[in-house]
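Student: I would like to learn how to read the packing of helices, a sheet and aromatic rings in a model. Could we go through one case slowly?

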Amino acid sequence: MIHASPNVDPHASETIIRPVPSLVPPSPITWWFQREKTDQHREQQEQLGYTGCLEAIYNTALLYLHETLDHIALVLLAYSILCVVLYRMLFHRAAGSRYGRWLVRRSHLPPCNRALLVTAHPDDEVMFFGPTILELRRRQCRVFVLCLSEGNHDRKGAVRRQELWDACESLGVRAEDITLVNATHLQDDPTAEWKTVTVANQLLRQLESLDAELLITFDKDGISGHPNHCAIYYATASLCLSGMIPSNCKVLTLETVNLCRKYLSIFDLPVTLLLSTNW
């Protein structure tokens, strides 16, 4: 509603027109629509604020992620180079150098002339103890292998028996220094329980007959967790605790590592050098 202002200048040629606020209150429907529009506008502003905040956080996180990935890539590259260098120094021609000899000389493998390796199945000697056998043979140590089963779990005992002889020959072990036990109470079976006394008797008989100065076998976790592997450790431990191991014989067990480290190949070499209790 528009009213003429009472303040009229008598000397003016025109009358000043000013809007005067209406004193009539809006209807309830008009008021409701105005409030709904205001609420919607406020919600849109809040959503825009949240969206802008999330977008800023996302962009910042993306920036830091790119920088972190660059750093991770550089670290992995440096670690890979370190692993390759250590491998070359330890196991290739560089092992004959001054630095290679310094690293290898730190090995705690005791000097001996006759060593007995005790395994549960054919293929254990090359899968788990191949480097140890090669190092012993390099030192002109005679290595005897005692395998407590013929590995007939998959009905391939004859094949695995021949594989045992072939593997040992390639590692430098004489055929006459291999003993393969084929007993009904020591079968290749993850569900079969190998009696500690039975395994201990086999070990003690071999130690006494061979006059071995070093006994090498699995630790309590058996590398792969196989019950037959673990049984050999408990039999060895029982002989040690009862004092039946010859006084001139030292006992070494192969340390079990977690699944990730087991399949890292040469990339586990620095970790092995730092953490191994037998290095």
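Student: Which residues of α6 meet which residues of α8?

Tutor: In this predicted model, Thr196, Val199, Ala200, Leu203 and Leu204 are the residues of α6 that meet α8, and their counterparts in α8 are Ala231, Ile232, Tyr234, Ala235, Thr236, Ser238 and Leu239. Sorted by character, the residues of this contact between α6 and α8 comprise nine nonpolar, three polar and no charged.

Student: How should the geometry of such a packing be read?

Tutor: Two packed helices are described by the angle between their axes and by the distance between the axes. Here helix α6 (residues 196-210) and helix α8 (residues 227-241) pack at an angle of about 70 degrees, and their axes are 8 Å apart. Because angles of 65 to 115 degrees count as roughly perpendicular, α6 and α8 are therefore roughly perpendicular to each other. The crossing in which α6 passes α8 is right-handed.

Student: In what order do the strands of the open sheet lie, and which strands stand at the edges?

Tutor: The open sheet has five strands in the order β5-β4-β3-β6-β7, and their pairing is parallel. At the edges stand β5 (178-180) and β7 (250-254), each with a single partner strand, so one side of each is left without a neighbour in the sheet. From one strand to the next, the twist averages 20 degrees. For one of the pairings, strand β3 (residues 114-119) and strand β4 (residues 142-147) run parallel and are joined by six bridges, and leucine 117 stands opposite valine 145 in β4.

Student: Which strands do α6 and α8 touch?

Tutor: Helix α6 packs on the sheet and touches β3, β4, β5 and β6 (214-218), its direction making about 160 degrees with that of β3. Helix α8 also packs on the sheet, where it touches β3, β6 and β7, and its direction makes about 140 degrees with that of β6.

Student: How many aromatic pairs does a search of the whole structure find, and how is one read?

Tutor: The search finds three aromatic pairs. A pair of aromatic rings is described by the distance of the centres and the angle of the planes. Phenylalanine 128 and phenylalanine 218 form an edge-to-face pair, with 5.9 Å centre to centre and 75 degrees between the planes. Phenylalanine 128 lies in the loop between α3 (124-127) and α4 (130-138), whereas phenylalanine 218 lies in strand β6, so the pair ties together parts that are 90 residues apart in sequence.

How values were computed:
Residues numbered from 1 in each chain as written. Predicted model: local features only at pLDDT ≥ 70, side-chain atom pairs only at ≥ 80, totals over all residues. Heavy atoms only, no water. Axes fitted to C-alpha atoms, helices over the stretch in contact; angles between N-to-C directions. Helix = DSSP H or I, 4+ residues; strand = E, 2+ residues; numbered from the N terminus. Parallel < 35°, antiparallel > 145°, perpendicular 65-115°, else oblique. Left-handed = near helix turned anticlockwise from the far one by under 90°. Contact = heavy atoms within 4.5 Å. Nonpolar A, V, L, I, M, F, W, Y, C, P; charged D, E, K, R; others polar. Pairing = 2+ DSSP bridges. Phe/Tyr/Trp six-rings, centres within 6.5 Å; stacked < 30°, edge-to-face > 60°.
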